[in-house]
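Subject: Handover of a two-chain model

Dear colleague,

Please find below the structure that I am handing over to you. My notes on what was found in it follow directly after.

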Amino acid sequence: MNLKKHVKLGLSALALSISFNSVAAEDPIKVGILHSLSGTMAISETVLKDTVEMLIEQQNAKGGVLGRQMEAVVVDPASNWPLFAEKARELLAQEEVDVIFGNWTSVSRKSVLPVVEELNGLLFYPVQYEGEESSENVFYTGAAPNQQAIPAVNYLMNEIGVERWVLAGTDYVYPRTTNKILETYLMDMGVAKEDIMINYTPFGHSDWQNIVSDIKRFGSAGKKTAVVSTINGDANVPFYRELGNQGIAASDIPVVAFSVGEQELSGIDTGPLVGHLAAWNYFMSVDNDANYDFIDQWIEHTGNDEAVTNDPMEAHYIGFNMYVEAVKKAGTTDVDAVKDAIIGVTVPNLTGGYAAMMPNHHITKPVLIGEIQDNGQFSVVWETSGLVAGDAWSDYLPGSRDMIADWRKPLFCGTFNTATGTCGASAGEMAAEAE
Amino acid sequence: MSICRSLTLLLIALFSLLSLPATAQEDDPGKALLINLAEAPASKVEEAVNAIVSSGDERARGWLEAYGNNRLSRVKDTGQVVLVLNNRGRDWEIADPLTGENMGEMSRRELDRVAINNRIRGQLEGILAMLDLNAKDPDVREASAQDMMGKVDASLVEPLEAQLAKEEDAAVRNRIEEALAIYRVGEGNLEAVDVLAGSLHPRARAALNEAVRGDNEALAQRAAKALESIEQKLQLNRAAETLYFGLSLGSVLVLAAIGLAITFGVMGVINMAHGELIMLGAYTTWGMQQLFPGQPGLALILSIPAGFMVAATAGIIIERSVIQYLKGRPLETLLATFGISLILQQLVRTVISPQNRTVVTPDWMSGSLVINDALSLTLNRLYVLAFALIVFAGLMLIMRKTRLGLEVRAVTQNRAMARSMGIRATRVDIMTFALGSGVAGLAGVALSQLTNVGPNLGQNYIIDSFMVVVFGGVGNLWGTLIAGLSLGTINQLLEPWAGAVLAKIIVLVFIILFIQKRPKGLFPQKGRAAEG
């Protein structure tokens with residue numbers, strides 16, 4: 001009897017909870033997260049998955065959006081570029097997510113592009129990249145070259161008086177394009193060809209002896225020399241270690257890096273690196289209450305007192321809030337309505353300013369130059385006086401000069417050539433062709 | 001300059017007198033100096049620093065050092081300038097710069113850092129070096145004189161000359177003279193060029209190069225001649241440097257490959273998880289450093305046996321659970337161990353973290369051994385080179401002089417015969433595999449000092465390891481040593497003119513062609529064992 005009663009009670013409770021759940025989950029906003037949780041890129045991308053999850057949790061605590069809860073759908077593309085496309089298709093076609101936050105490397109984004117365009121999805125891409133792209137369905141919340149590389153070079157040239165340049169990078173599309181832009185820019189500014197040294201290394205390069213020694217030699221020509229580094233991820237640690245060991249101090253030859261953030265520094269002893277530079281749009285050390293709140297939430301979310309925040313996390317923070325605002329503005333999660341609504345949406349960033357979504361699907365950002373400190377953080381030494389709007393098509397590359405992107409009607413084109421007055425192929429078509 | 005400086009000092013003194021008339025007598029002049037520094041706009045920072053220097057305050061060095069290290073902050077509410085002792089985490093430990101008294105912890109939100117940039121830091125280094133020129137230890141004096149090179153400006157010439165007059169140590173004198181000469185070359189002094197003619201220091205070269213490009217023709221000619229003689233001396237140093245780079249890269253290759261030379265070379269097991277055994281060794285180092293916080297050196301030394309044991313145990317588990325069932329089926333072994341390698345990587349990602357771990361380099365391994373100004377050998381690589389040779393010698397001893405080595409050789413040459421002589425072949429298999437794996441662990445301990453400790457560590461070395469073993473001749477430890485060192489040297493010789501990417505490709509192509517010509521590598525196994 002007693003047992004029966006218990007079972008009955010349990011069953012009805014179960015039924016109740018099921019029906020309750022189905023009411024609440026009637027129509028959640030599904031947020032796809034497309035970041036590698038295994039493989040080589042897991043080192044960078046795992047934290048971005050956690051960031052989006054945290055933002056969703058917070059939004060839900062605030063009552064969701066349009067009275068609807070948000071729900072994360074996490075997939076693992078395992079650092080495998082073709083798998084990114086498959087997983088994106090799975091998210092859009094099977095899970096029917098309303099929006100995707102994802103990707104890190106450019107090659108993974110290029111692999112996803114045709115899928116997102118075909119199935120008309122929304123993708124927020126949070127990492128600084130080489131530009132030369134603007135898709136109807138992608139929102140680029142990381143920096144374009146004119147929001148990171150060019151201001152950093154200006155800083156070195158005008159504030160430090162650098163006359164001789166080493167452009168060192170990992171051998172893939174982002175450093176190659178960025179260095180091409182920088183080379184053209186430097187030559188336009190009157191730097192002689194023999195004062196520019198370009199060097200590429202393979203992914204995960206760990207033996208920097210010769211290159212650092214070369215840089216040292218290049219730097220002893222009597223002109224102030226600086227290294228502009230687009231060296232990616234892991235390879236930075238042995239590079240900086242070798243710099244320290246060979247006694248290259250920041251006051252002799254400063255290194256300004258575009259891919260070294262707090263995350264990368266957390267893997268090394270930063271003592272010998274003090275004074276070397278990085279250019280980003282956000283630093284964890286930015287002295288601002290919004291930022292401190294974000295850090296506190298992040299530490300609480302991860303349960304790790306030592307957890308660090310970095311630039312792509314801020315980009316997701318901005319992108320997520322922009323999406324939420326756009327959905328509120330459109331009053332629906334319908335992709336086309338959100339796409340229209342999001343242009344012009346302005347949300348606070350974490351550095352005390354505002355980020356606005358431009359018609360070319362890039363956002364406005366401040367550019368900060370930070371010096372590495374001995375506690376693995378950066379201290380801001382310089383920043384642009386105002387916000388810089390992301391430029392999808394660089395002015396310093398032939399063929400790209402005349403291109404503009406504008407996703408407002410009537411132009412509604414990501415590859416509009418102002419010289420010929422025609423709209424080229426979409427980013428997804430170009431990416432598919434390149435394969 | 002010095003007039004300007006004393007004027008500032010005077011003004012500051014006046015200012016502090018005016019603003020605090022009542023307490024000026026007892027009040028610390030340092031307070032005003034620090035607040036002046038904290039409040040100075042970018043253009044006035046230099047003056048503020050000079051004021052501190054010329055105050056003659058004996059705490060000045062500490063303040064400036066803290067300033068250079070970003071450790072000077074201001075409390076937002078009170079405006080007090082404080083020293084930050086520990087700036088990790090959310091609450092920072094601070095101290096009073098005037099009394100040195102510890103003020104406990106304060107939230108970083110309450111603190112404003114006194115800003116500094118590279119230009120000021122460069123000058124600060126010059127100033128601190130100047131202060132250090134009075135140190136007792138001649139090594140400190142020499143180092144600070146070296147720091148002065150290229151940083152001398154008009155205001156420092158006089159004090160430096162005074163320093164030179166009373167300096168007795170020859171090496172320090174030499175440095176000060178060079179530092180002064182660099183400044184004078186910039187001013188167009190011809191004799192100064194001759195002082196720099198013998199110097200290999202990059203800053204001396206930089207100064208001469210600048211002179212060559214300058215408008216002063218006589219100076220340019222003289223500088224060009226001096227540069228020529230320096231260039232000749234540099235040639236030799238560069239050759240020595242490249243050789244060292246090559247040997248150092250080679251020693252890393254040898255270390256990574258030598259464990260494989262035993263499991264693959266001697267036993268014939270294609271172990272794709274070899275890289276992950278290296279990774280385990282590196283993580284052991286990290287683990288030991290967590291166990292002994294603050295003693296990275298001790299932890300590193302203890303990691304040598306620990307890393308060996310961890311990797312050897314993992315090796316035994318792999319051998320017992322998988323490899324023994326796949327004897328004589330190389331293709332299946334390859335696939336199974338590749339699977340194990342993926343499992344181990346993801347295990348580390350899930351259990352520890354996908355992020356890299358910080359392994360601290362102990363002080364005695366950082367920096368470099370300075371031979372002369374143009375040639376210095378980085379210490380961490382020097383240690384790794386020595387370690388590789390010791391490991392190699394140890395392995396040779398085991399294989400040649402111990403009973404285990406004898407049994408291993410017997411079993412690999414003729415398994416059936418060895419068994420019939422009473423050797424327990426299974427036990428020998430386990431021991432050999434454990435030995436090879438343990439050595440991989442040792443490689444991991446060494447690599448933790450050179451590269452990232454992360455889940456991908458092993459993948460970066462597995463291909464190189466196979467390359468070295470195959471090139472050297474399977475089953476031959478000497479071959480592995482020679483192959484590793486020569487591949488490293490070839491790579492470093494090619495790198496300066498071919499670039500890192502192309503150098504790697506050329507080496508690979510070279511090995512492919514070599515293997516076509518001599519399929520058994522540099523030192524093929526001879527005798528019946530080779531056919532077996």
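Two strands are taken to pair if DSSP finds at least two bridges between them. Strands E1 (residues 29-34) and E2 (residues 70-75) of chain A pair in this sense: they run parallel and share six bridges. Within that pairing, A:Gly32 has A:Val73 of E2(A) as its bridge partner. On its way from E1(A) to E2(A) the chain passes through H2(A), and the resulting β-α-β crossover is right-handed.

Confidence

Please bear in mind that this is a predicted model. Its scores are ipTM 0.78 and pTM 0.81. Chain A has a mean pLDDT of 89, with 94% of its residues at 70 or more. The pLDDT falls below 50 over residues 14-25 of chain A, a stretch that has one contact in the model beyond near neighbours in sequence. For chain B the average pLDDT is 85, and 94% of the residues score at least 70. Residues 6-25 of chain B have a pLDDT below 50, yet beyond near neighbours in sequence this stretch has 17 contacts in the model.

Domains of chain A

Chain A is divided into three parts: domain 1 covers 28-144 + 291-363, domain 2 covers 146-287 + 369-389, and domain 3 covers 405-434. The centres of domain 1 and domain 2 of chain A, taken over C-alpha atoms, are separated by 28 Å. Where these two domains of chain A touch, domain 1 contributes 23 residues and domain 2 contributes 20 residues. On the domain 1 side of this contact, at least two residues each are supplied by H2, helix H4 (106-118), helix H10 (289-302) and helix H11 (311-330) of chain A. H2(A) gives the most to that side, with three residues. By class, the domain 1 side consists of 10 nonpolar, nine polar and four charged residues.

Two local features of chain A

The first concerns an open sheet of three strands in chain A, which has the order E17-E18-E19 and antiparallel pairing. Its edge strands are E17 (403-406) and E19 (422-423) of chain A, each of which pairs on one side only. Between E17(A) and strand E18 (residues 413-417) of chain A there are three bridges, in the antiparallel sense. One pair of bridge partners here is A:Ile404 and A:Phe416, the latter in E18(A). The loop between E17 and E18 of chain A contains A:Pro410. A cis peptide bond, with omega about 10°, joins A:Lys409 to A:Pro410.

The second concerns A:His361, which is not a glycine but has a positive phi of about 70°. A:His361 is placed in the loop between strand E12 (354-356) and strand E13 (364-365) of chain A.

Chain B

Chain B is divided into domain 1 (2-119) and domain 2 (237-531). Taken over C-alpha atoms, the centres of these two domains of chain B are 53 Å apart. An unreviewed UniProt entry places the feature "transmembrane region" at residues 243-270, 298-318, 330-348, 382-399, 430-450, 462-485 and 497-515 of chain B. How do residues 243-270 of chain B appear in the model, as helix or as strand? This span is 86% helix and 0% strand, and its end C-alpha atoms are 32 Å apart. Residues 462-485 of chain B are 83% helix and 0% strand, with the end C-alpha atoms 17 Å apart.

Contact between the chains

In the contact between the two chains, 49 residues of chain A meet 51 residues of chain B. On the side of chain A, the elements that give two or more residues are helix H2 (42-61), strand E7 (196-201), helix H7 (209-218), helix H8 (236-245) and strand E15 (378-383). Which of these gives the largest share? It is H7(A), with six residues. The residues on the side of chain A that touches chain B comprise 15 nonpolar, 24 polar and 10 charged. H2(A) thus appears both in this contact with chain B and in the contact of domain 1 of chain A with domain 2 of chain A.

With kind regards

Note on methods. Residues numbered from 1 in each chain as written. Chains lettered and ligands numbered in written order. Predicted model: local features only at pLDDT ≥ 70, side-chain atom pairs only at ≥ 80, totals over all residues. Domains from an automatic or database assignment. Contact = placed C-beta atoms within 7 Å. Helix = DSSP H or I, 4+ residues; strand = E, 2+ residues; numbered from the N terminus. Nonpolar A, V, L, I, M, F, W, Y, C, P; charged D, E, K, R; others polar. pLDDT = per-residue confidence, 0-100. Right-handed = clockwise from strand over helix to strand, strands pointing away. UniProt positions renumbered as here; feature names shortened; annotations may be inferred.
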